[in-house]
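Biologist: Could you take me slowly through one part of this model, the open sheet and what packs against it? I would like to follow how the strands are paired and what lies around them.

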Amino acid sequence: MTRVARERLVDAALAVLTAVAVVTGPAVVGATLTYEGTLAPAALLGGAMLFRRRHPVAVLAASAAVMVAYRWAGLFEGGWLWPLTPALASAAARGRAGWSAGIGVAVLLCGLPRELAGTSDVPETAARIGVEALWLALVMTGAVARRQYGRWRDEHEARLVDQERARLAEQRLEISREVHDVVAHTLAVVGVHLHVAADALADSPEEAGAALRTAMEVRGRAMRDLKAFVGDLRDGPAGLAEVPDLLDRARAAGLTATLHREGDLDGVPAAQGVAAYRIVREAVTNTLRHAAASRLDVRLAARAGELRVEVNDDGAGPAAFAAGHGLTGMRERVAALDGTLDLTSGDGFTVRAVLPVAGTAAGAVADRAGSPT
């Protein structure tokens with residue numbers, strides 16, 4: 001069912017309910033049901049509800065005029081405002097609360113002389129008018145509250161849409177960064193070795209062959225990295241649980257690699273876990289490609305309010321690391337989580353990152369401090 005069809009169905013149902021209420025209301029208070037005094041106003045007030053969406057104020061004004069006329073003529077008994085409740089609420093819910101309240105008050109003022117005429121019980125009459133005024137206030141409050149809730153819901157949905165768009169934009173940025181890390185660096189390295197091979201082809205075929213083999217190895221690693229990256233897109237992002245796999249690759253390449261873990265790493269949020277994995281992966285990759293290192297140590301520590309990541313090797317130092325293409329992406333990942341990144345040299349090269357984390361265990365004891373995995 002389309003939205004327009006649903007609205008028409010609701011309007012028709014409201015028209016029928018209004019007509020039924022106007023007919024049964026006087027019967028409840030013991031008034032006689034007549035065509036002129038009951039069925040006619042029921043048809044008029046109910047039929048007006050079919051036009052409430054396009055002309056809410058006009059429908060309310062016409063309904064109020066009908067009610068005042070029938071009440072003053074003595075043809076309808078049972079109240080001044082309650083038959084107008086659907087029209088009052090419809091106008092208020094569509095941003096015409098001022099008009100709705102004003103017309104309601106005008107109806108009560110028109111009814112006051114009629115109620116006072118021919119009666120000596122002024123307090124009872126005032127009480128009846130007061131009850132009607134209270135009913136008007138309740139109707140206005142409910143209608144305005146409903147309208148405000150609708151506006152809040154629309155704004156909330158708009159914020160969710162904006163957040164989803166921002167998330168998708170961040171994902172696109174992450175994908176472009178990953179592709180750059182893999183492809184741009186690989187092309188640069190392969191290009192260097194192809195130039196070496198071209199220059200040495202005539203004078204030193206062995207050197208040219210070695211350069212071509214190196215280019216093929218780099219190309220093979222790039223293909224594996226791209227395959228792993230596509231797997232991340234298909235199966236979801238990697239996290240801290242995949243860090244041991246990175247060190248297994250380092251050991252397969254000839255490095256002595258150890259992993260030290262502290263605290264409740266399983267409780268680290270996904271965003272920080274993915275960022276830590278990317279940092280370790282980039283540091284390990286640069287160590288393998290540039291540092292000419294023999295040892296690699298990785299430390300992951302979940303402490304009070306933060307996740308610490310440290311990768312240390314005994315290789316050539318920052319000059320070699322700067323030759324890579326992942327430093328910018330590493331800084332961006334850390335900055336996106338309001339963390340800090342420190343690159344230092346000494347006995348080798350060290351990457352230290354601190355990522356703020358809410359809810360990590362304080363004073364955690366190392367699971368495997370000082371022991372390799």
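Modeller: In this predicted model, Ala 301 stands opposite Arg 308 in strand E3, and this pair belongs to the stretch where E2 and E3 run antiparallel, joined by eight bridges. The two strands form a hairpin with two residues between them, and there Gly 305 takes a positive phi near 75°. On the other pairing of E2, seven bridges join E1 to E2, and these two strands run parallel; Leu 259, for instance, has Val 298 in E2 as its bridge partner.

With those pairs in mind, the whole sheet can be laid out: five strands form an open sheet in the order E1-E2-E3-E5-E4, and the pairing is mixed. E1 and strand E4 (340-346) stand at the edges with a single partner strand each, so one side of each is left without a neighbour in the sheet. From one strand to the next, the twist averages 10°. At the E4 edge, seven bridges join E4 to E5, which run antiparallel, and here Asp 342 stands opposite Arg 352 in E5.

Helices pack on this sheet as well. Helix H8 touches E1 and E2, and its direction makes about 165° with that of E1. H11, in turn, lies across E4 and E5 and runs at about 135° to E4.

H11 deserves a closer look, because an α-helix has 3.6 residues a turn, so that residues three or four places apart point the same way. The buried residues of H11, which spans residues 327-336, are Gly 329, Met 330, Arg 333 and Val 334. Seen down the helix axis, these buried residues fall within an arc of 135°, so they line one face of H11. The face turned away from that buried side carries the exposed residues Thr 328 and Ala 336.

The loop between H11 and E4 contains Asp 338, whose phi is near 60°, a positive value in a residue other than glycine. As background, most residues other than glycine have a negative phi. Asp 338 counts as exposed because its relative accessibility is 66%, and the cut-off for exposed is over 50%.

What fills the space between these elements can be described through the nonpolar core. In soluble globular proteins, nonpolar side chains tend to be buried together. The largest nonpolar core here has 34 residues, of which Val 280, Leu 300 and Leu 307 touch the most other members. The elements that give two or more residues to this core include helix H8 (243-252), strand E1 (256-262), strand E2 (295-303), strand E3 (306-313), H11 and strand E5 (348-356), together with helix H9 (270-291). H9 gives the most to this core, with seven residues. Leaving aside its neighbours within four places in sequence, Val 280 is in contact with Val 243, Leu 246, Val 298, Leu 300, Val 309 and Val 311; one of these, Val 298, is the bridge partner of Leu 259 described earlier. Apart from this core lies another, of 30 residues, among them Trp 80, Leu 108, Leu 136 and Met 140.

Definitions and conventions:
Residues are numbered from 1 along each chain as its sequence is written. This is a predicted model: local features need pLDDT of at least 70, side-chain atom pairs count only at pLDDT 80 or more; totals for chains, interfaces and linings use all residues. Side-chain values use heavy atoms; hydrogens and water are left out. Buried means under 20% relative accessible area, exposed over 50%, partly exposed in between (1.4 Å probe, protein chains only). Helices (H or I, at least four residues) and strands (E, at least two) are DSSP runs, numbered from the N terminus. The arc is that of the directions from the helix axis to the C-beta atoms. A nonpolar core is a set of buried Ala, Val, Leu, Ile, Met, Phe, Trp, Tyr and Cys residues joined through side-chain atoms within 4.5 Å. Contact means heavy atoms within 4.5 Å. Two strands pair if DSSP finds at least two bridges between them. Axes are lines fitted to C-alpha atoms, for helices over the stretch in contact, and angles run from 0 to 180 degrees between N-to-C directions.
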